[in-house]
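Please walk through the structure below, starting from a single buried residue and working outward.

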Amino acid sequence: MSEPLRVLMVEDQQDLRELMGQALQDFGIEIHTAVDGPAAVQMIEEHGDFDVVFSDISMPNGMTGVQLSEHVARALPNARMILSSGYARSQLEEPLPEHVEFLPKPYRLNQLIKLLKSPATTP
């Protein structure tokens, strides 16, 4: 049996973080959560080797999802980075880096699971 997919989900809304985290675990995904970018950086430094980092673009406490993606690219070069936003990709304030995948909101749980379990795609 292969190792479960290790995902770091960065979500500032506690109820959504808990609900999505439990749902992803139910699908056999090893889920770790962080409340914002600085907490995600700390998780990466302490727990390392995530397969995927999934984050909202707009987050509190001074670090956007795009800034987090730049840290992930340096610290976890083999990890996939998926960013999500309620804005269309063309409406985002800053362009997404090449290595980042995008999931528009609102999304359904099955869309997220399918994306997580699929091979990496380029934008």
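**Around Ser-84**

Leaving aside neighbours within four places in sequence, Ser-84 is in contact with Phe-54, Ser-55, Asp-56, Ile-57, Phe-102, Leu-103, Pro-104, Lys-105 and Tyr-107. The model is a predicted one. Ser-84 itself sits in strand β4, which covers residues 80–85. How large is the relative accessible area of Ser-84? The value is 1%. Because buried means under 20% relative accessible area, Ser-84 counts as buried.

One of the contacts of Ser-84 can be described at the level of atoms: the Ser-84 side chain reaches the backbone oxygen of Leu-103, at 2.8 Å. By contrast with these contacts, a separation in sequence can be set beside one in space: Gly-62 is 22 residues from Ser-84 in sequence, and their C-alpha atoms are 17 Å apart.

Two of the residues in contact with Ser-84, Phe-54 and Tyr-107, lead to the next feature. A search of the whole structure for aromatic pairs returns one. That pair is formed by Phe-54 and Tyr-107, with an edge-to-face arrangement, 5.8 Å between centres and 80° between the planes. Phe-54 belongs to strand β3, whereas Tyr-107 belongs to the loop between β5 (100–104) and α4 (109–117), so the pair ties together parts 53 residues apart in sequence. Both Phe-54 and Tyr-107 are buried.

Ser-84, Phe-54 and Tyr-107 also help to line a cavity. The structure holds one cavity of 30 Å³ or more, and the volume of the largest cavity is about 30 Å³. Which residues line the largest cavity? Along with those three, the lining includes Val-10, Glu-11, Ser-55, Asp-56 and Lys-105. Strand β3, residues 52–56, supplies the largest share of this lining, with three residues. Sorted by class, the lining has three nonpolar, two polar and three charged residues.

Val-10, from the cavity lining, gives a link to a further position, His-32. The two are 22 residues apart in sequence, with a C-alpha to C-alpha distance of 8.6 Å. His-32 is part of strand β2, residues 30–34. With neighbours within four places in sequence left aside, the contacts of His-32 are Arg-6, Val-7, Leu-8, Met-9, Met-43 and Phe-50. With Arg-6, His-32 makes a polar contact, side chain to side chain, at 3.4 Å.

Note on methods:
Residues are numbered from 1 along each chain as its sequence is written. This is a predicted model: local features need pLDDT of at least 70, side-chain atom pairs count only at pLDDT 80 or more; totals for chains, interfaces and linings use all residues. Side-chain values use heavy atoms; hydrogens and water are left out. On a 1 Å grid over the protein atoms alone, a cavity is a set of points where a 1.4 Å probe fits but cannot get out, and a pocket is an open set with protein on both sides within 12 Å along at least five of seven lines; lining residues have an atom within 4 Å of a point. Grid points are joined across faces, edges and corners, and a volume is the space filled by probe spheres set on the points. Helices (H or I, at least four residues) and strands (E, at least two) are DSSP runs, numbered from the N terminus. Ala, Val, Leu, Ile, Met, Phe, Trp, Tyr, Cys and Pro count as nonpolar, Asp, Glu, Lys and Arg as charged, and the others, Gly among them, as polar. Contact means heavy atoms within 4.5 Å. A polar contact is a pair of N or O atoms within 3.5 Å; within protein, one must be able to donate a hydrogen and the other to accept it, and residues adjacent in sequence count only if both atoms are side-chain atoms. Rings of Phe, Tyr and Trp (its six-membered ring) pair if their centres lie within 6.5 Å; planes under 30 degrees apart count as stacked, over 60 as edge-to-face and the rest as tilted. Buried means under 20% relative accessible area, exposed over 50%, partly exposed in between (1.4 Å probe, protein chains only).
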